[in-house]
Amino acid sequence: MGEKSISGFSKLSKRGKLKWIAENFFKDPEAVIRELKSYWLTNEDQQRVMDGFSENTISNFHLPYGVAPNMIINDKTYCIPMVIEESSVVAAASSAAKFWMNRGGFKTEVISTVKIGQVHFYWDGDSSKMIPLFNKYKERFKQDVKDITANMDKRGGGIIDVNLKDFTDIEPNYYQVEIKFDTCDSMGANFINSVLERVASLMKDYFAREKTFTAKEKEIDIVMSILSNYTPECLVRASVSCPIEDLGMFGEMDAETFANKFNRAVRIAHIDPYRATTHNKGIFNGIDAVVLATGNDFRAIEACGHTYASRDGQYKSLSNCELKDGIFKFWLDIPLAIGTVGGLTNIHPIAKTSLELLGNPGSNELMQVIAATGLAQNFAALKSLVTVGIQKGHMKMHLMNILNHQEATKKEIEASVLHFKDHVVSFSAVRTFLDELRTTSSGNKPFAIAGTND
Ligand code: HMG
């Protein structure tokens, strides 16, 4: 075992883990223990709940929790909870919400809510014998998993369809059972995986008993049973539109010029994967922030979104723009397999608060809120990109981070905020400004305020 390795770490108490980490990886163990402990919640019950989300926890890692007000979606006004570490994202979503507030707001619709799970298996036999039998098995599966699906069935969900997929032309003996599910208000991962594992064991049983199979055909090699995070049929659309002239002026730029440039920016993201990746990252700035704030699985959402963006064989923009008959239309189609019950959504204290802030939506409504926030984010980023450029707004919001990094005092922060109202923010510009300031005055200790985040 290496110098800093340990067996049985997982069995240590939380304090024991922290002590071992501090003593083995840090120059000043006492200081690091103090620091990491300072982020423990004072409410011990809540801390226990947090620790239960993951493993080997030694502290909590904080992220900012912000809100974007004035988001009108299907004529209802929302205040959107957003958890994100990147400056200017929440401001951008808020500014797009405000922009569209007086132009009809966001329109959204859930197109479909189907989720998918797969049992992957290899089988060496005569497929012309097995494929017709599978139709008989399909109905038996549904009956034989009733004990798992009964509650979901009662809620109006459950198994929608079961299909056999034959991949033997690509990979000898490889088949899939693909099951489609409706998981109602839950993301449904545990439910889907439980059904799949049962189906896998039922298949072994059915195949072993199948009288028409040879001894070799009675054997089936189940490789794995798992949901797919690619859910192209769990799809939501968010859109905004207005007469081009109602877009207004953007500094010196008129509405027509803006609409054309904006449309081209979206076209470019359909043509070039390098641009599409950044464009879609902007969309996920908004989507991930709400997904996190509501205790949903952002890795699943991201993985799915990027696969969907490649569905035509090339990675492209998830959003679309159209200028037709004098109307500007901008929309986003995105698969979002999220839940408002189960998982962390009801256990994480702030995820619960986020859902309450949104009026305790069901999963369909939350899909629409998330998609609208993604579109808002994309609109704000493109609006900046085709007008003043991204740096002006982004760096304006980033100013406080730079000032904190430079250990600016309260007075220096106030002076900097005033100065950079009409000067371009950059790391070096801020340092130069502070250097000049510090030659004429002196500060005390670092302190963040500034009419922005104080
Ligand atoms: P601005 O025009 O300077 O803002 O824009 P403003 O001071 O005139 O205020 C207008 C509204 O913006 C405010 O209304 C707020 O809604 C919001 P009000 O509250 O006054 O009634 N707003 C703020 N909200 C909270 N805190 C603030 C704040 N300031 C304004 N401090 C803004 C400034 C940042 C909004 C604008 O420049 C913008 O939208 N920029 C885009 C920023 C962005 O997209 N950031 C994401 C990070 S960059 C990235 O990762 C994505 C990207 O690469 C994607 C891509 O390439 O497509 C860009």
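Domain bounds here come from an automatic or database domain assignment. For this chain the assignment gives four pieces: domain 1 (1-62), domain 2 (84-112 + 233-388), domain 3 (115-228) and domain 4 (393-441). The model is a predicted one, so local features need pLDDT of at least 70 and side-chain atom pairs count only at pLDDT 80 or more, while totals for chains, interfaces and linings use all residues. Residues are numbered from 1 along each chain as its sequence is written, and side-chain values use heavy atoms, with hydrogens and water left out. Taken over C-alpha atoms, the centres of domain 1 and domain 3 sit 42 Å apart.

Turning to the ligand, 23 residues surround it, and S88, K98, R275, K281 and K396 come nearest; a residue counts as near if one of its heavy atoms lies within 4 Å. Domain 2 (84-112 + 233-388) and domain 4 (393-441) each put at least three residues into this shell. By class, the shell holds eight nonpolar, ten polar and five charged residues (Ala, Val, Leu, Ile, Met, Phe, Trp, Tyr, Cys and Pro count as nonpolar, Asp, Glu, Lys and Arg as charged, and the others, Gly among them, as polar).

Polar contacts are pairs of N or O atoms within 3.5 Å. The side chain of S88 has an N or O atom 2.7 Å from a nitrogen atom of the ligand, and the side chain of R275 has one 2.7 Å from a ligand oxygen atom. S94 contributes through its backbone, with a polar atom there 3.5 Å from an oxygen atom of the ligand. On its own the ligand exposes 1100 Å², and the protein buries 66% of that (accessible areas by the Shrake-Rupley method with a 1.4 Å probe). The elements giving two or more residues to the shell are α4 (89-101), α9 (273-293), α12 (363-386) and α13 (390-405); helices (H or I, at least four residues) and strands (E, at least two) are DSSP runs, numbered from the N terminus.

Next come the open and closed spaces, searched on a 1 Å grid over the protein atoms alone: a pocket is an open set of points with protein on both sides within 12 Å along at least five of seven lines, a cavity is a set where a 1.4 Å probe fits but cannot get out, and lining residues have an atom within 4 Å of a point. Grid points are joined across faces, edges and corners, and a volume is the space filled by probe spheres set on the points. The largest pocket has a volume of about 1300 Å³. Its lining has 39 residues, with F53, L292, G295, L344 and H348 nearest the centre. α11 gives the most to that lining, with four residues.

One cavity of 30 Å³ or more turns up in the whole structure. The largest cavity has a volume of about 50 Å³, and its lining includes K115, M187 and A337.

Definitions and conventions. Polar contact = N/O pair within 3.5 Å; in protein donor to acceptor, adjacent residues only side chain to side chain.
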